[in-house]
Amino acid sequence: MSIAAHCRELADQIAAADPPPMTIMEVCGTHSHAIGRYGIRQLLPESIRLISGPGCPVCVTADSDLDAIVQIAQQGAIIATFGDMVRVIGPRGSLADARAAGVEVRVMYSPMQSLDLAREYPDREVVLIGVGFETTTPAIAVTVSDAASTGLRNFSVYACHKLVPPALEVLIADPDCRIDALLCPGHVSTIIGANAYEFIPRDHGIPCAIAGFTPLDILLGVNSLVNQIVSGEPRVDNCYPRAVQAEGNPKARAQVESVFAVADVDWRGLGMLPDSGLALRAEYSHLDARTRFDLAPPIEIDRGPCICGEVLQGKALPTDCPAFGSACTPQSPIGPCMVSSEGSCAAAYRYGG
Amino acid sequence: MAGKRHPMHHQPTDQTIGLGHGSGGAAMQQLIRDELLSVLPGQNPDALEDAAVLDLPPGRIAFTTDSFTVQPLEFPGGNIGHLAVHGTVNDLAMRGARPLYLSVGMIIEEGLPLDTLRRIVASLGEAAHDADVSIVAGDTKVVGRGQADGIFINTSGIGTCGPHAPSVAAARPGDLVLVNGTMGDHGVAVMIAREDLQVTADLRSDTAALYSLVEPMLAAGGEGIHTLRDLTRGGLAAGLNEIASSSGVGISVDSRAIPVRPEVGGVCEILGLSPYAVANEGKLVAMVAPDAADAVLEAMREHPLGADAAIIGEATDARTAERGAGATGLVRVTTAIGTTRVLELPAGELLPRIC
């Protein structure tokens, strides 16, 4: 049977369950994009509404952090970053603007490339922008511990790493939030494990399904959530067992814990959340760009009608934003959700909602 | 100022290009004579004149210009010299014109290794020879370090038009959409070379001169070939969107019919890019009347540059093309699972994602 036929079969099963109206949040930006790219909504009954969550690391990066990163660039450091961060507009413009004005911004595929850069330019400060959820953090942690053990003097990291479970807890505890079920991120779950979501069905009665990123994976996840809602028995269903284990990856977590400590961090749209992110441990403070550079207090930015904050919380759809598709497009984005290839607004724009 | 060294400027050596090579003096004449003219085909007694004097056959001519910059300058499957020839002769070929003459202008950054320049110029000459086009005019400038990126090349080309000139604005509803092979090979090969990605697959640029393919296509399809477009920057997605908006049609393609090498698809998947938005340098799309499409496809498949040619979709009435939320929505693609979505115009720089 072809993939298309398998997908149709699953879609028929979902329809046959006669699902009541429900809102499923896909937490991860990669899910949002796969759903758009494969037109998965066309296979689902109209009663199922899929909305994007706060799972694009670029989108949830706070203005205060964007402001600090551009300040660091303007102070002469070479910025090593993943590509998605380059065009995000902060209070002092984007890294792309800074690059056009002469600062050096290098796009990396692996954080370890930033160490090569530091060795190549021993007279320059090289700053790695550490952005991402649990999936990305282990590689950043390895990079930091490598920099420390090799005694690199001109390397530092600006870390704004975030944790998925605390953000989910805030979202589902919000009385304004109407999420009936969660499609949980496949890649993050390889690190944190299926067990990390147990509190969600137990304490909040909300079904969870961990899914991979092919169309079939996503439909399997949706099918599980529909069955859980219809049967009234919420649980954590691991629909991605070929990659995700109950315990996750303890070795990767140990690596992260040796370098980072849990901290209160600032999220776009959600604000300062307790214990929702990571900061460098004291023994690595000499590699912390936050203290290494003299940073002015963040300035405010007026994003006009942009409602990225609401979109990230699942309280609004991209198409609800007055700027969507007119003032804000991938060519000239206002909000971060339109910039990143994983952003929910970019997905809605590209693939037609 | 003689003898005073600017800290940024290295003295010319026999190993690299120096500012002296662009001064108009002896060093420059030697560079032009020894390194450029000797390896370029089509040089004539006018080579050092201020302008070339050309014989042109009667009829209309096509004329185009393009500038080339790429990093790295050399990549698997070619270098900037190949691109500078292929890019311009292909633009001529897309109007059904046989390329005849090229001009080549080079802006070289001080410090470019002479061996690199030699290889680029040799490739330029080889590509021109293979494309059966003469380089009849040229110019060389050398600029200081940091004022160029190794070398920039501009080429302008003249070709003679045939009886029928396909146009980006001439596609009609019902036309079939043909491509001559796999999408995204060039862009992915360059990206892997630029970023030094550890990929073991043999990925090479598809850079090629397309007139020898276009000629039999036109012979087979004649005026049934409404549009030809080479799929360079922005790839298939940009090409189809340009045709749709210029011609006022919708276009519907099926991803299951679009040829993509599995390794190109794999690299794109990892980097979060679409093979449909990545550049090609030896690929074209043709909008062909349905009654001519089979003959054109057959002519393409008989040519080495069209061995993987395929019909990937059709043009539709723009008024019935579904609208996307934000994009123009004129071009739609059927996905691997049989659903459809907008194939958007690529936005800006291709940037690899976080996860």
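Trainee: What makes up the area that chain B exposes?
Mentor: In this predicted model, chain B exposes about 15500 Å², and 51% of that area is supplied by carbon and sulfur atoms.

Trainee: How many of the residues of chain B count as buried, and what makes them so?
Mentor: A residue is called buried because its relative accessible area is under 20%, and 53% of the 355 residues of chain B count as such. The chain holds eight helices and 13 strands, and among its contacts between residues at least 6 apart in sequence, 84% join residues at least 24 apart.

Trainee: Turning to chain A, why are S3 and S4 called paired strands?
Mentor: Pairing asks for at least two bridges, and four bridges join strand S3 (residues 78-82) of chain A to S4(A), with the two running parallel, so they count as a pair. One of the bridge partnerships is that of A:Ala80 with A:Arg106 in S4(A).

Trainee: What makes S4 and S6 of chain A the edge strands?
Mentor: The open sheet of chain A has four strands in the order S4-S3-S5-S6, with parallel pairing, and strand S4 (105-108) and strand S6 (155-161) each pair on one side only. From one strand to the next, the twist averages 25°.

Trainee: How do you know that helices H3 and H5 of chain A touch the sheet?
Mentor: Contact means heavy atoms within 4.5 Å. On that basis helix H3 (residues 63-74) of chain A touches S3, strand S5 (126-132) and S6, its direction making about 165° with that of S6(A). Helix H5 (residues 112-120) of chain A touches S3, S4, S5 and S6, and its direction makes about 170° with that of S5(A), so both helices are said to pack on the sheet.

Technical notes: Residues are numbered from 1 along each chain as its sequence is written. Chains are lettered from A and ligands numbered from 1 in the order in which they are written. This is a predicted model: local features need pLDDT of at least 70, side-chain atom pairs count only at pLDDT 80 or more; totals for chains, interfaces and linings use all residues. Side-chain values use heavy atoms; hydrogens and water are left out. Axes are lines fitted to C-alpha atoms, for helices over the stretch in contact, and angles run from 0 to 180 degrees between N-to-C directions. Buried means under 20% relative accessible area, exposed over 50%, partly exposed in between (1.4 Å probe, protein chains only). Accessible areas come from the Shrake-Rupley method with a 1.4 Å probe; for residues, only the protein chains shown count as cover.
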